[in-house]
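These are my notebook entries from a session with one structure. I wrote each one down as I looked it up.

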Amino acid sequence: MYGKCGKSWNAQKVFDETPHRNVVTWNSLISGYLQAGSPLRATRLFLDMLRVGTEPPTTFNFSGMLVCCAQLEAEELGAQVHGLGLKMGLCDDVVVGTGLIDMYSKCCKVRESWRVFNQMRDKNVVTWTSMVTGCAQSGQSDEAMTLVREMLRLGLKPNYVTYNSLLSSFASMDFWDCCRQIHCRIVKEGFDSNVYIVVTLLTVYSESNSSLEDFRALCSCVSVWDQISWNAVIAGFCNIGSSEEALKCFSEMRQAGVAVDFFTFTSILRAAGTLSALVEGKKIHALIFKSGHASNLCVQNGLVTMYGRCGAIHDAKWVFTLMKEHDVVSWNSLLSGYAHHGFGKETVELFEQMRRTEVKPNNTTFLIVLTACSHVGLLDKGLEYFNLMRNDDLPEPPKVEHYATVVDLFGRAGNLHEAEAFVNSMPIEPGASVYKALLSACQVHGNRELALRSATKLQQLCPNDPATYILLSNVLLTRGSWDDAAGVRKLMYDRGIRKTPGYSDLIQPYNMKKRWIQLLRWT
């Protein structure tokens with residue numbers, strides 16, 4: 001009773017005063033600590049029970065202990081519990097087997113989860129769902145889909161948790177068609193009104209290739225507008241690129257009296273930064289202080305990013321200085337603000353300051369610094385950092401965008417032959433961005449021969465990209481080859497390739513700003 005009411009101290013007191021304890025007594029206290037969010041204390045109790053040895057542990061003991069190991073991500077301890085379960089012959093139980101699958105998955109040992117799953121004789125829906133969840137969390141989307149199809153073939157009906165996990169594994173632009181197929185199946189099974197499913201659908205749609213109209217239609221399916229639903233909708237509009245809608249939803253959330261948390265502020269700060277809405281960003285900053293979230297690291301990083309995108313570099317630096325701790329996102333946010341607004345030398349100085357700390361730069365950090373060096377012409381410094389990136393102990397090697405930035409670095413300095421030699425010596429396949437950087441440099445410096453070679457490679461990679469034809473045409477015009485430039489343009493139109501016209505918003509920002517002031521004035 002005390003354990004289920006969250007009164008762990010009272011439960012412990014009654015336990016200590018109990019003269020004769022059986023396995024049920026131990027289970028009750030272990031479960032109480034688990035429900036109270038104290039898996040370490042529950043683990044110690046289980047070990048104490050084994051040392052006392054009055055009664056052998058039951059399947060209930062083992063399943064609870066496996067939950068502790070999963071929450072602590074203690075794979076080595078979980079493997080020992082697994083061994084004890086095998087020794088006592090309890091691993092054939094479906095509850096223990098399911099707990100083992102869940103434990104190994106949460107400890108990032110999906111191969112072990114598969115081994116347990118394949119050895120189980122009896123499997124229920126929860127067992128299959130645990131395996132689907134493990135595959136989803138490890139990025140094995142195809143395996144998760146195969147498992148669900150096998151469930152249906154065997155006559156097992158997946159529940160909303162199964163579909164929730166399956167959906168989350170396909171949250172990417174590359175799997176838009178799969179997301180729609182799963183959504184259709186969810187509607188057919190009658191789970192489309194489930195609160196958890198709807199929130200996951202909102203997240204998946206916003207991170208996939210969804211249109212704004214589809215996302216709005218999905219928002220109309222939300223039946224319970226709680227904090228989680230609002231956060232999913234606001235973050236979704238930010239992901240899609242409709243930041244004004246995100247600000248509008250934030251205002252409606254506040255008017256509805258729903259409490260905001262750090263997830264809400266992180267999303268809405270991103271929206272304000274995308275729109276360069278400095279006035280509104282400062283109002284949100286004041287609301288963050290008022291609501292007591294100013295010390296949250298994610299919110300602080302969001303503030304640095306917002307001020308940096310709005311061009312308020314001094315404010316971004318001020319927030320960064322007041323932070324008690326910095327992670328790699330904190331440094332990247334400030335570095336990006338400096339680099340984005342042309343403070344190349346300051347970016348380099350800040351990066352050197354970062355290198356003197358315990359925070360290790362990642363691929364994003366190096367991309368920001370390389371871009372800053374390129375824009376201000378720091379060729380030697382940029383090459384130094386690129387070599388540092390290749391030789392440093394990074395979890396990932398340089399990607400195509402890093403090589404493209406180095407090509408741009410050579411190109412802006414006028415070293416076109418060095419740029420071409422660098423491209424030819426790349427250890428990975430050069431992408432379109434690499435040849436576009438080389439072709440842009442040819443346009444600036446009027447190198448026709450190199451431009452033709454780069455354009456040929458680009459046409460092979462992206463035959464329907466109008467930028468290739470336009471860049472090559474501009475290079476030819478720079479060299480005075482009017483007829484050749486006209487021929488490239490004609491070839492582009494003959495192939496049915498059209499450039500998307502550019503446009504500028506001159507009136508909308510004023511109307512948007514006026515609306516935001518009205519929406520946020522009452523905060």
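Burial came up first in my notes: 45% of the 523 residues of the chain count as buried. I keep in mind throughout that this is a predicted model. For the secondary structure of the chain I noted 30 helices and zero strands. I then looked at how far along the sequence the contacts reach, and among those between residues at least 6 apart, 60% join residues at least 24 apart.

**Entry: a pair of helices**

I looked up helix 19, residues 313–322, together with helix 20, residues 328–340, and found that their axes come within 10 Å and cross at roughly 165°. Because angles over 145 degrees count as roughly antiparallel, I recorded helix 19 as roughly antiparallel to helix 20. The crossing in which helix 19 passes helix 20 is left-handed. On the side of helix 19 the contact is made by I313, A316, K317 and F320, while helix 20 brings S330, W331, L334, G337 and Y338 to it. Sorted by class, I have six nonpolar, two polar and one charged residues in this contact of helix 19 with helix 20.

**Entry: W230**

Which residues does W230 touch, once those up to four places away in sequence are not counted? I listed W225, C249, E252, M253 and V258. W230 itself has its place in helix 14, which covers residues 227–240. Its relative accessible area is 7%, and since buried means under 20%, I entered W230 as buried. For M253, one of the residues that W230 touches, I also looked up the backbone: the C-alpha atoms of W230 and M253 are separated by 6.7 Å, although the two residues are 23 apart along the chain.

**Entry: aromatic rings**

A search of the whole structure gave me 16 aromatic pairs. I took up one of them, W114 with F117, whose ring centres are 6.0 Å from each other and whose planes make an angle of 90°, an edge-to-face pair. Both residues sit in helix 7, residues 110–119, and because they are three residues apart there, about one helical turn separates W114 from F117. I then asked of each partner whether it is buried or partly exposed. W114 is partly exposed at a relative accessible area of 23%, whereas F117, at 4%, is buried. Elsewhere in my notes on rings I have F386, Y403, F410 and F422, which form one aromatic cluster.

**Entry: positive phi outside glycine**

Where in the chain does E73 lie? I placed E73 in the loop between helix 4 (59–72) and helix 5 (75–88). Its phi is near 55°, which I marked as a positive value in a residue other than glycine. E73 counts as exposed, with 56% relative accessibility.

I made a second note of this kind for S276, which is not a glycine and yet has a positive phi of about 55°. S276 lies in a loop as well, the one between helix 16 (262–274) and helix 17 (278–291). At 44% relative accessibility I could not enter S276 as exposed, because exposed means over 50%, and S276 therefore stands in my notes as partly exposed.

Definitions and conventions:
Residues numbered from 1 in each chain as written. Predicted model: local features only at pLDDT ≥ 70, side-chain atom pairs only at ≥ 80, totals over all residues. Heavy atoms only, no water. Axes fitted to C-alpha atoms, helices over the stretch in contact; angles between N-to-C directions. Helix = DSSP H or I, 4+ residues; strand = E, 2+ residues; numbered from the N terminus. Parallel < 35°, antiparallel > 145°, perpendicular 65-115°, else oblique. Left-handed = near helix turned anticlockwise from the far one by under 90°. Contact = heavy atoms within 4.5 Å. Nonpolar A, V, L, I, M, F, W, Y, C, P; charged D, E, K, R; others polar. Buried < 20%, exposed > 50% of the residue type's maximum accessible area, 1.4 Å probe, protein only. Phe/Tyr/Trp six-rings, centres within 6.5 Å; stacked < 30°, edge-to-face > 60°.
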